[in-house]
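Let's take a walk through this structure together, one piece at a time. Please keep the 3D view open as you read.

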Amino acid sequence: MSQLKNVEARILQCLQNKFLARYVSLPNQNKIWTVTVSPEQKDRTPLVMVHGFGGGVGLWILNMDSLSARRTLHTFDLLGFGRSSRPTFPRDPEGAEEEFVTSIETWREAMGIPSMILLGHSLGGFLATSYSIKYPERVKHLILVDPWGFPLRPTDPSEIRTPPAWVKAVASVLGRSNPLAVLRVAGPWGPGLVQRFRPDFKRKFADFFEDDTISEYIYHCNAQNPSGETAFKAMMESFGWARRPMLERIHLIRKDVPITMIYGANTWIDTSTGKKVKMQRPDSYVRDMEIEGASHHVYADQPHIFNAVVEEICDSVD
């Protein structure tokens, strides 16, 4: 954990705006590692950003300053990931999802946030949606960035988008263990393995880091006891599909909660989901859009465009 702390400190040093990084204790003794940027901006609804599988607060470094220029931004490591506590999650998909959602709500209470603009990427998008079903009064706008776990698994194999090689590599290991077991077994070679499988990460963050800071960060986020990872495994059937697909439940979000879905034009995630969400919510605001030149990590592939789009959504709230 100390290595993760050190590499994360190098990342957060790049922030220009005032920020506060600390643990937030939950009533059940778990702790959520939280970074708040521009805490002094109290007039507008805060933006809360939820990272995806295997990620952490550091991956938002290209977005934090921009998106906190006129409002407070909160980001945290999901329970079971990054520097947050790593409890034993329930083994069933519903129980695991419930544990994540409850941790977000108890974190919100501990933070004293009355309502928020809630943004989630990938797994974070799935959990932000689940949260919005249960606590709609807390969500002023739901922003889903390349969300995981929405579509039902097609019965016809030809309908399945081909995931990139690294997803296939991870999926082939999955049958025997947790998704990131390979990284832990790799030990000190882990950062090199991240760099080999995901050289694109180094490119995405090249404006800030010329070295392997981001590869090291991803490695150290995932080189610990697999907790959130085990929960993710319980929630999915093969890497791309959720056991409890969100498209079957999105209609349960209160009608007055606006939703914007942002996809990378080159993502491996099924982008037709946005249209299907619109059909499920005919009397609600649903906007879906694609950002050119971006894949699954939209926020890092095209940070300037992404930040401008999110800022515009936030301004529509207040």
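The paragraphs below look at a set of paired strands and then at a pair of helices. Please bear in mind throughout that this is a predicted model.

A good place to begin is the hairpin formed by E1 and E2, which has 5 residues between its two strands. In that turn you will find Gln 29, whose phi is positive, at about 80 degrees. Strand E1 covers residues 19-25, and 7 bridges join E1 to E2 in an antiparallel arrangement. To see one of these pairs, look at Ser 25, whose bridge partner in E2 is Lys 31.

Now follow E2 itself, which spans residues 31-37. This strand is mostly covered, with 6 of its 7 residues buried. Besides its pairing with E1, E2 is joined to E4 by 4 bridges, and E2 and E4 run antiparallel. Two positions help to line up E2 with E4: Thr 36 stands opposite His 74, and Val 37 stands opposite Leu 73.

Which strand runs parallel to E4? That is E3, residues 47-50, which is joined to E4 by 4 bridges. Here Met 49 has Thr 75 of E4 as its bridge partner. E4 therefore pairs with E2 in antiparallel fashion and with E3 in parallel fashion.

It is worth pausing on the side chains of E4, residues 73-76. In a regular strand, side chains alternate between the two faces of the sheet. In E4, Leu 73 and Thr 75 point one way, while His 74 and Phe 76 point the other way. Are these four residues buried or exposed? All of them are buried.

Let's turn now to the helices. Two packed helices are described by the angle between their axes and the distance between those axes. Helix H3 runs over residues 93-111 and helix H10 over residues 228-235; their axes come within 8 Å and cross at roughly 135 degrees. That angle lies between 115 and 145 degrees, so H3 is oblique to H10. The crossing of H3 and H10 is left-handed.

Which residues make this contact? From H3 come Pro 93, Ala 96, Glu 97 and Phe 100, and from H10 come Gly 228, Ala 231, Ala 234 and Met 235. Sorted by class, the contact of H3 with H10 has 6 nonpolar residues, 1 polar residue and 1 charged residue.

Notes: Residues numbered from 1 in each chain as written. Predicted model: local features only at pLDDT ≥ 70, side-chain atom pairs only at ≥ 80, totals over all residues. Heavy atoms only, no water. Axes fitted to C-alpha atoms, helices over the stretch in contact; angles between N-to-C directions. Parallel < 35°, antiparallel > 145°, perpendicular 65-115°, else oblique. Left-handed = near helix turned anticlockwise from the far one by under 90°. Contact = heavy atoms within 4.5 Å. Nonpolar A, V, L, I, M, F, W, Y, C, P; charged D, E, K, R; others polar. Buried < 20%, exposed > 50% of the residue type's maximum accessible area, 1.4 Å probe, protein only.
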